[in-house]
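This briefing concerns one protein chain and addresses two topics, strand pairing and salt bridges. Please keep the sequence and the structure in view while reading.

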Amino acid sequence: MKLKNYIGGQWVEPENGQYESDIDPANGEVVAEVPRSSVKDAERAIAAAAEAYKEWRKVPAPKRGEILFTVGQILKERKHELAQKMTREMGKVYTEAAGDVQEGIDMAFYMAGEGRRSFGYTTPSELPDKFAMATRDSIGVAGIITPWNFPMAIPTWKIFPALVAGNTVVFKPASETPMLAYELVKILEEAGVPAGVVNLVFGDGPVVGETLLTDPRVNLISFTGSNATGRHVAKVAGEGLKRVSLELGGKNAVIVMDDANLDLAVDGILWSAFGTTGQRCTACSRIIVHEGIYDQLRDRLLERMAKLRLGHGLEGQTDVGPLINEKAVQKVHSYVEIGQQEGAKLNVGGRPASDAGLANGHFYLPTLFTEVTPDMRIATEEIFGPVLSMIRVKSLEEAIEINNRVTYGLSSSIFSQDVNRVFQAIRDLATGIVYINAGTTGAEIHLPFGGTRGTGNGHREAGTAALDFFSEWKAVYVDFSGKLQRAQIDA
Ligand code: NDP
């Protein structure tokens with residue numbers, strides 16, 4: 001399959017004619033050939049989006065929402081096929097890929113409804129015979145830059161609110177997951193999104209992405225990715241005074257207290273730590289465990305980890321798929337070596353999987369470190385792989401302090417049956433998302449999603465919070481007194 005860019009309503013080859021291969025990380029098979037576009041392609045897409053904005057902003061919001069409703073219906077009809085493609089393209093097991101597509105479906109229907117809500121407000125004026133209101137206004141061209149780990153969900157979290165709010169889009173997907181981006185934009189086209197309103201340009205971040213950051217016709221950037229790239233995005237786009245939303249990395253922890261339901265805690269930890277092979281921004285990579293149950297929990301985890309089956313995500317029995325590429329395998333392994341040098345105890349895993357059938361893929365064994373101390377690098381830096389560190393604590397206060405000590409602030413969780421401890425944790429855990437008696441993953445699309453501190457720059461995705469980013473407030477004063485009334489002076 002040979003993919004094309006989508007610019008101004010046309011599917012077009014990159015102007016330099018260059019392509020690269022999209023690879024299945026589980027077996028090395030080529031999934032698609034993808035344009036390696038140039039700055040010129042990106043600039044053409046930006047021009048198309050700027051032109052289309054002139055009309056799209058005037059399309060009534062309920063009509064924009066209706067198009068998104070149709071998008072949701074098509075996504076729903078094609079969920080199974082899209083999930084299969086996702087598994088082949090980025091490795092996550094089929095059920096998780098289906099969940100990823102479901103997030104897109106949920107977001108389409110939710111944002112379709114916002115077409116008829118997107119509420120502003122009226123408020124009394126301080127002057128007589130004067131009316132005051134605040135309405136949401138569109139902003140312009142949105143540059144959308146996404147990572148590979150949620151190839152459908154994350155683009156929909158950005159593109160759908162951008163569209164319903166009246167903006168046009170230039171979408172630069174991650175180089176590792178172009179096919180799902182292609183399928184999504186095909187569906188947007190099929191649902192009736194007018195030419196130029198959504199544009200898709202494949203290519204390298206430093207070329208296509210960078211053009212979005214620097215081009216003055218792009219008004220806002222919505223970025224999800226690593227902290228290193230996020231800092232660069234903030235700097236370059238900030239220079240042009242663009243509105244910038246950053247959703248970055250995490251170092252998420254599960255706290256397990258001595259009164260926890262341990263069966264439930266083990267289920268939650270395994271799902272959060274090894275689901276998507278630990279490559280979720282909300283993945284659990286630390287467990288902070290009360291000393292009273294530390295050894296018991298470790299033994300239960302080891303017993304269950306021994307049963308996890310690695311394999312291609314389309315095989316029904318697979319629990320854990322591959323990492324995204326060889327570079328990721330090397331990065332994960334380097335952290336395992338760091339952990340050992342730091343004095344943590346490697347209990348299981350700690351190397352690439354070498355079993356027959358996995359040799360052509362980027363598989364890494366689920367790994368557990370115990371006797372980890374809070375300031376070790378494996379306990380503070382994002383590894384983005386199936387590596388779990390177990391930290392011992394004496395109290396809830398100590399657990400919360402350790403949770404909050406890292407620079408990231410995305411998600412945290414606590415397993416406890418004690419309502420007092422639970423509410424103390426809700427109050428004191430310094431993350432954007434907090435789970436009680438559940439793992440660190442599982443966001444629902446109608447609640448705000450995002451992190452504090454090093455995980456971003458304070459914006460939130462999903463829910464109505466997404467509209468706060470993709471629209472701006474317009475304050476409107478209507479004076480029907482027929483004379484000059486001066487605020488603060490004549491009141
Ligand atoms: P990267 O930062 O490597 O890439 C993210 C996107 O940025 C890609 O599309 C990439 O393009 C692009 N990019 C790279 N360089 C530039 C540049 N100079 N200018 C503009 N764009 C550029 O992240 P990953 O794709 O590896 O994603 C994993 C990271 O994402 C993890 O840290 C994870 O925690 C985080 N993440 C955060 C989430 C959140 O909501 N907080 C959710 C999901 C993931 P290309 O692919 O071509 O390199």
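A residue counts as buried when its relative accessible area is under 20%, as exposed when that area is over 50%, and as partly exposed in between. By this criterion, glutamate 461 and lysine 158 are both buried, and these two residues form a salt bridge with each other. The model discussed here is predicted. The points below turn to the sheet that contains strand 13 and then to the salt bridges.

**The sheet and its order**

- Seven strands form an open sheet in the order 14-15-16-13-12-18-19, and their pairing is mixed.
- The edges are taken by strand 14 (345-348) and strand 19 (433-436); each has a single partner strand, so one side of each is left without a neighbour in the sheet.
- On average, neighbouring strands of this sheet are turned by 20 degrees against each other, direction ignored.
- Helix 11 (residues 326-342) lies across strand 14, strand 15 (367-372) and strand 16. The helix runs at about 25 degrees to strand 15.

**Strand 13 and its two partners**

- Strand 13 spans residues 284-290 and is mostly covered, with 7 of its 7 residues buried.
- Strand 12 (residues 252-256) runs parallel to strand 13, and 5 bridges join the two.
- The chain passes from strand 12 through helix 9 (residues 262-274) to strand 13, and this β-α-β crossover is right-handed.
- Within this pairing, isoleucine 255 stands opposite isoleucine 288, and valine 254 has isoleucine 287 as its bridge partner.
- Strand 13 is also joined by 5 bridges to strand 16 (residues 387-393), again in parallel. Here valine 289 of strand 13 stands opposite arginine 392 of strand 16.

**Salt bridges between distant parts of the chain**

- The count of salt bridges comes to 34, and three of them are described in the following points.
- Glutamate 183 pairs with lysine 85, with the closest N and O atoms 2.9 Å apart. Glutamate 183 belongs to helix 6 (residues 178-191) and lysine 85 to helix 3 (residues 79-90), and the two residues are 98 residues apart.
- Which of these two partners is buried? Glutamate 183 is the buried one, because its relative accessibility is 4%, whereas lysine 85 counts as partly exposed because its value is 22%.
- In the salt bridge of glutamate 461 with lysine 158, the closest N and O atoms are 2.8 Å apart. Glutamate 461 lies in the loop between strand 20 (452-453) and helix 14 (465-470), and lysine 158 lies in helix 5 (residues 153-164), so the pair ties together parts that are 303 residues apart in sequence.
- Aspartate 259 forms a salt bridge with arginine 421, with 2.3 Å between the closest N and O atoms. The aspartate sits in the loop between strand 12 and helix 9, while arginine 421 is in helix 13 (residues 419-428), 162 residues apart from it.
- Aspartate 259 is partly exposed at a relative accessible area of 22%, and arginine 421 is likewise partly exposed at 21%.

**A shared network**

- Which residues are joined into one network by salt bridges that share partners? They are Asp295, Arg298, Asp299, Glu371 and Arg392.
- Arginine 392 of this network is the residue of strand 16 that stands opposite valine 289.

Notes
Residues are numbered from 1 along each chain as its sequence is written. This is a predicted model: local features need pLDDT of at least 70, side-chain atom pairs count only at pLDDT 80 or more; totals for chains, interfaces and linings use all residues. Side-chain values use heavy atoms; hydrogens and water are left out. Buried means under 20% relative accessible area, exposed over 50%, partly exposed in between (1.4 Å probe, protein chains only). Helices (H or I, at least four residues) and strands (E, at least two) are DSSP runs, numbered from the N terminus. Two strands pair if DSSP finds at least two bridges between them. A crossover is right-handed if, with the strands pointing away from the viewer, the path from the first strand over the helix to the second runs clockwise. Axes are lines fitted to C-alpha atoms, for helices over the stretch in contact, and angles run from 0 to 180 degrees between N-to-C directions. Contact means heavy atoms within 4.5 Å. A salt bridge is a side-chain nitrogen of Lys or Arg within 4 Å of a carboxyl oxygen of Asp or Glu.
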